[in-house]
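Me: I've got a model open and I'd like to go through the labels people put on it. Can you take my questions one by one?

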Amino acid sequence: MAHAVSPLAPAEQPRLPVIAGVKLAAAATGIRYKGRPDVLLALLDEGTAAAGCLTRSKSSSAPVDWCKAALKVGKARALLVNAGNANAFTGKAGTATVKAVAAAASKAFKSKPETIYQASTGVIGEPLDPSFIVNAIPELTKAAVADGWDMAARAIMTTDTFPKVSTRTVKLDGRSVTINGIAKGSGMIAPDMATMLSFIFTDAAIPPKVLQALLSASVDKTFNCVTVDGDTSTSDTVLLFATGAAGPVKGLKTAADARLKGFAKALHEVCHDLALQVAKDGEGAEKLIDITVTGAENDKAAHRIAMSIANSPLVKTAIAGEDANWGRIVMAIGKAGEKAIRDKIRIRIGGVQVAVKGMRDSKYVEAEIMPHMKGRDIRIEADVGVGKGKAQVWTCDLTHRYIDINGSYRS
């Protein structure tokens with residue numbers, strides 16, 4: 001079922017440059033969708049380092065379990081992703097599928113099975129016949145090209161209304177290196193890592209352990225700070241691959257190495273950009289909501305309070321209706337389970353203070369805030385009067401189209 005492009009979609013998308021050591025291909029296999037690519041291959045040079053952050057869901061998919069084991073090795077030769085079937089809650093059959101795909105790909109690429117990374121997204125509980133992917137490997141291998149980023153981003157879409165891509169170029173030890181990222185996600189979005197997938201590639205030469213530390217730090221402040229509906233997917237996966245084609249960096253042992261400062265910043269920007277695009281493509285979304293919480297006991301407490309606001313259906317529907325019902329924000333702060341001093345709580349919407357000292361601001365006039373409520377970007381700030389903890393998260397409004405999309409997801 002096709003859906004209109006989100007009104008929050010970027011007006012223009014960047015053209016991602018070639019990254020040495022990465023070739024991409026997509027194929028239409030008919031796993032679920034007809035007449036569109038649904039399997040992605042990213043073919044990587046031998047020796048490519050890998051890092052990843054995966055869902056903490058207790059009902060994780062077979063590909064997630066496979067990646068967990070592969071990341072212990074930290075080397076990658078290929079990535080295979082399919083859309084339309086999550087291969088989650090599929091028991092021994094699901095495990096057999098990822099093993100069959102890994103065996104076929106490792107044979108084709110003359111590598112070990114643990115260097116073949118996999119991800120799946122789509123319907124949960126439906127067995128995935130490995131032949132759809134296995135039989136496509138020869139076609140994918142032959143078709144792989146360096147300039148295939150848009151095709152790759154489109155191949156992994158499910159209910160997404162636009163492909164999500166981002167890129168940055170930065171200097172590392174005097175060399176120019178590139179970071180490209182693609183992502184998919186529209187519903188079942190409340191990543192808890194460390195049905196959202198993101199794959200990031202760079203030609204930088206960074207060891208797996210250092211790469212993992214850099215990625216984990218970025219994911220914590222980006223992908224783990226977005227929510228659409230509060231539902232953590234069985235399949236949430238972020239993988240980062242470094243081909244090393246830009247040339248060696250001697251003595252790189254920790255993420256704290258000063259030479260990595262620029263790279264870490266650029267990686268964060270790519271992750272942040274992709275995470276916001278996921279929030280902007282929330283199923284049925286009309287408005288992006290930026291929530292900042294300050295004055296919490298610590299940063300973790302601030303994050304929990306901010307996510308409580310972001311995941312509240314009452315807050316999200318009020319914003320969808322352009323109703324500045326700040327009492328719902330008060331409710332969401334109170335239910336978060338973190339310390340908050342009621343009579344010190346301050347709330348601002350669109351920069352206008354609506355509540356202070358635990359009550360409505362006497363100077364607040366709702367008419368002043370209405371132009372902001374009618375916009376596409378809504379900003380909420382709350383201070384809970386306890387300490388110095390702070391956090392920022394992003395979400396979208398909740399419209400009737402969310403029900404329309406999810407009520408017919410399997411149709």
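Me: Which residue is the bridge partner of Val293 in strand 13?

Reply: That's Ala382. Keep in mind that this is a predicted model.

Me: How do you know that strand 9 and strand 13 pair?

Reply: Two strands count as paired when there are at least two bridges between them. Strand 9 (residues 288-296) and strand 13 (residues 377-383) are joined by seven bridges, so they qualify, and they run parallel. Ile289 has its bridge partner in strand 13 too, namely Ile378.

Me: And what makes strand 10 a partner of strand 13?

Reply: Same test: the cut-off is at least two bridges, and strand 10 (residues 346-349) has four with strand 13, in the antiparallel sense. Arg348 stands opposite Glu381 there.

Me: Why are strand 12 and strand 14 called edge strands?

Reply: Start with the order of the open sheet, 12-11-10-13-9-14, six strands with mixed pairing. Strand 12 (359-360) and strand 14 (389-396) each pair on one side only, and that's what the edge label refers to.

Me: Let's move to strand 4. What makes it mostly covered?

Reply: Buried means under 20% relative accessible area, and eight of the eight residues in strand 4 (residues 116-123) are buried. Strand 4 also runs parallel to strand 3 (residues 75-85), with eight bridges joining them. Asn82 stands opposite Ser120 in that pairing.

Me: Which elements make the right-handed β-α-β unit?

Reply: Strand 3, helix 2 (residues 91-109) and strand 4. "Right-handed" here is about the path from the first strand over the helix to the second, which runs clockwise when the strands point away from the viewer.

Me: Lys110 is in the loop between helix 2 and strand 4. Why is it called exposed?

Reply: The relative accessible area of Lys110 is 71%, and exposed means over 50%, so the label fits. Lys110 also has a positive phi of about 55 degrees, although it is not a glycine.

Me: What about Glu322, how exposed is that one?

Reply: Glu322 comes out at 24% relative accessibility. Buried would need under 20% and exposed over 50%, so Glu322 counts as partly exposed. Glu322 lies in the loop between helix 9 (313-320) and helix 10 (327-335), and it too is a non-glycine with a positive phi, about 55 degrees.

Me: And why is Ala136 called buried?

Reply: Because its relative accessible area is 4%, and the cut-off is under 20%. Ala136 is in the loop between helix 3 (131-134) and helix 4 (137-143). Setting aside neighbours within four places in sequence, Ala136 is in contact with Ala27 and Thr29.

Me: How do you know that the buried residues of helix 6 line one face?

Reply: The buried ones are Val210, Leu211, Leu214, Leu215, Ser218 and Val219. Looking down the axis of helix 6, they fall within an arc of 160 degrees, so they line one face. Their cover includes strand 2 (39-54), strand 8 (237-242) and helix 7 (261-280). Helix 6 (residues 208-221) itself has 14 residues and reaches 20 Å from first C-alpha to last, close to the 20 Å expected.

Me: What puts Ile329, Ala332 and Ile333 on the same side of helix 10?

Reply: These residues are buried in helix 10, and they cover an arc of only 100 degrees around the axis, which puts them on the same side. Gly334 and Lys335 are exposed on the other side. The buried residues of helix 10 pack against helix 8 (299-310), helix 9, strand 10 and strand 13. After helix 10 comes Gly337, with a positive phi near 85 degrees.

Me: Which residues touch the most other members of the largest nonpolar core?

Reply: Of its 69 residues, those are Ile206, Phe263, Ile291, Ile309, Ile329, Ile333 and Ile347. Helix 7 gives the most to this core, nine residues. A second, separate core has 31 residues, including Ala70, Leu71, Ala155 and Leu239.

Me: And what is Ile333 in contact with, leaving aside neighbours within four places in sequence?

Reply: Contact needs heavy atoms within 4.5 Å. For Ile333 the partners are Ile305, Ile309, Ala340, Ile345, Ile347, Ala382 and Val384. That list includes Ala382, the bridge partner of Val293 from your opening question.

Key: Residues are numbered from 1 along each chain as its sequence is written. This is a predicted model: local features need pLDDT of at least 70, side-chain atom pairs count only at pLDDT 80 or more; totals for chains, interfaces and linings use all residues. Side-chain values use heavy atoms; hydrogens and water are left out. Helices (H or I, at least four residues) and strands (E, at least two) are DSSP runs, numbered from the N terminus. The expected span of a helix is 1.5 Å times one less than its number of residues. Buried means under 20% relative accessible area, exposed over 50%, partly exposed in between (1.4 Å probe, protein chains only). The arc is that of the directions from the helix axis to the C-beta atoms. A nonpolar core is a set of buried Ala, Val, Leu, Ile, Met, Phe, Trp, Tyr and Cys residues joined through side-chain atoms within 4.5 Å.
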